[in-house]
Amino acid sequence: MELPLDHFRLIGVSPSATSEEILRAFQLRLDKTPNEGFTYEVLTQRSELLRFTADLLTDPDTRREYENLLLNGASGLEFSSNREVAGLILLWESGSPKEAFKITRKALQPPQTPALGSSRESDLTLLAALTARDSAIQEQQLRSYSNAADFLHEGIQILQRMGKLNEIRRDLEEDLFSLLPFRILDLLSRDLNDQESHKKGLSMLENLIIKRGGLEGHNKSEYGNYLNQQDFEAFFQQIKPFLTAQEQIDLFLELQKRGSIEAGFLAFLSLTAIGFSRRKPEKLFEARRILKKLNLSGLDSMPLIGCLDLLLADIDQASARFSSSSDENLRDWLNNYPGNKLEAICIFCKNWLENDVLVGFRDIESKEVDLDSWFEDREIQEFIEKLEKKSIKTTIKPNFQNQQNKIESSMKKTEDFDSSLDKIDERRLPWPGGIKQEYEKLNKQEINFNEESFKNKPLEVYRYFIEKIAELKFSFGEFLDNKKFFSRSPYLIYLFAFLILFIFGIGIGFLRNNTKKSIQEKTIAEKPLIKLDKNQEMIDKDTNLETKKKPINEFDSNIIKKAEINFNNFKVLSKSSPSLEEIRNLINLWLINKSNYLAGNSEINLSKIVTNGLIERTIEERQSDIKKEIFKQINSKILKISLETQTASRIAVLVELDYLEKIIKNSGELVNETRLSPLKVKYVLGFSNKSWKLVDFVSGL
């Protein structure tokens, strides 16, 4: 057998050592015989090898000859079969336990396994255990804890297979267990691209916590007090930043199911963190539900729940939670705060998020919390609006300094309206401002009608009022069949009755002037957009044409770049009943141009197909992005479209989108990426100014 060893390393001296130094090292090695339990036979062979080396290196001729061999590339020493175990012991002693372990392990494997019960088998088994332990120590010094565990694990397996040295095997098992926290840290701290190692580390962490009886450590460790509660908490604080928010949520919820109360509290914090950082208010609901069920001794949960209520725009509830706090110092601080109470609650919530919630996650950047951006987010606003089922609630505005005054002013204005309007479900309204805003507009609206100017234009007069009533029908179309609504709003009944009688009188006048034929000529057959891009051809079902190419979608970058829509040539939808394909085309135009505008690539010019209110909302969103020095790249493809409702003045369709949104800083840094497939969106079209226009949309149905 050839071993990776030379005579200088074997005896433990440098190649420049003198004969006196060699003899001194030889005597020290003889006196320091390994006492781990090797047989007398192998120790005798070891002494003979040391003496042979000392004689060779102290004789000038043999040493010169050996040095020439080394200079000519000779490496390693040959050992006879009866001395190979002694040679392996010397290799181990020379500071190469890993090489010695690998060769020893190979020597113990079939068909090389020595005779059962022989001294050679005993010596090799003992040497495998010792070299495995020392190899693990070397790897630990290099912070390669996973490799260290592998050496210990293989050494334990060899001892189990050979059925020897049970006491040493238990020592190796204890070393392996004590290495577990470091192994977990090693695996989880690696790059996330190493998914296999990361998953293995997660599994080992969960098993460790479960085995010790949860985060609280209710079960006694099988190895005494090695990993006591104080050591474990220090270890867990070190390991936590290497876990993503979702990984922590999954881990803590599983531990909570097994009875760990502290895990439930950490799950509450993780859900709050991912809910706030990723703009997912539904996660805040889940977090609040968990916290309400917890019974942690000494925990004052009221201000924490109040912070969640604040983020969900329930100001009254948040204030009540803080007032119910058992912390007298907190209550005194709130009562003595120089500003208003809402401002104080916002400051508390901001500090709590920064210092206790948004820390210790691998995928959440810890930075200053901006509550303004939270409440300005369109998705947050839409989510909060959906929560308002039976009353118009006061919403939080971005400027917190004057917030209380704005809220009181809003409530005072609300009292001036008919009290029955407060019970209307605002989520069903097809316009952003709510029914009260529209009611004010109607009361202030002035319709200038000069009978003389229309005397010779009966057809134009008729069309004018048809257009006006269509707009009114659209605005209140969802409430026409709601008897409870009319019973609670007598003013609208009077308004509609007046309009109906007025238009009926005008209609009688038209009949006298024989305008029936002219009225019927109002409906004009038209075709939708014929061509938007060379990659798409639209169809007109009335002419029985077939689609020759796939519909346009925003995932095709070439189409996005070339989607410069010529609205002067675009024919608006004036049909009384447009087809689904035509509606699909209109929505596609909206998606493409909105995407280009929010990306800062073009101006928005959609007045022919979109109402001014929706355009203004889009412009406000872009202005907000400019202030934040960001822009959005939105890719959306219509997967499915279906008709929900259709009247003479209102059409609602349900659309499923393949949706990808990237928020990017002006410097090019990616801030956030959201992928939803499918994203369900309800689009509402209204008939206005002789054509159908996109009025509003509601996403996340």
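## T645 and its strand pairing

In this predicted model, T645 sits opposite A652, a residue of strand 4. The two strands involved here, strand 3 and strand 4 (residues 650–665), run antiparallel and are joined by 15 bridges.

## The sheet around it

Let's widen the view to the whole sheet. It is open and built from four strands in the order 3-4-5-6, with antiparallel pairing. Strand 3 (630–646) and strand 6 (691–699) are the edge strands; each has a single partner strand, so one side of each has no neighbour in the sheet. On average, and ignoring direction, neighbouring strands are turned by 25° against each other.

A helix also joins the picture: helix 29 (residues 580–598) packs on the sheet and touches strand 3, strand 4, strand 5 (670–688) and strand 6. The direction of helix 29 makes about 165° with that of strand 3.

## A helix pair elsewhere in the chain

Now for helix 14 (residues 261–277) and helix 15 (residues 281–293), whose axes come within 8 Å and cross at roughly 165°. Because angles over 145 degrees count as roughly antiparallel, helix 14 is roughly antiparallel to helix 15. Their crossing is left-handed.

Which residues make the contact? From helix 14 come G264, F265, A267, F268, L271, T272, I274, G275 and F276. Helix 15 supplies P281, K283, L284, E286, A287, I290 and L291. Sorted by character, the residues of this contact comprise 11 nonpolar, three polar and two charged.

Technical notes:
Residues are numbered from 1 along each chain as its sequence is written. This is a predicted model: local features need pLDDT of at least 70, side-chain atom pairs count only at pLDDT 80 or more; totals for chains, interfaces and linings use all residues. Side-chain values use heavy atoms; hydrogens and water are left out. Axes are lines fitted to C-alpha atoms, for helices over the stretch in contact, and angles run from 0 to 180 degrees between N-to-C directions. Angles under 35 degrees count as roughly parallel, over 145 as roughly antiparallel, 65 to 115 as roughly perpendicular and the rest as oblique. A crossing is left-handed if the near helix is turned anticlockwise from the far one by less than a right angle, and right-handed if clockwise. Contact means heavy atoms within 4.5 Å. Ala, Val, Leu, Ile, Met, Phe, Trp, Tyr, Cys and Pro count as nonpolar, Asp, Glu, Lys and Arg as charged, and the others, Gly among them, as polar. Two strands pair if DSSP finds at least two bridges between them.
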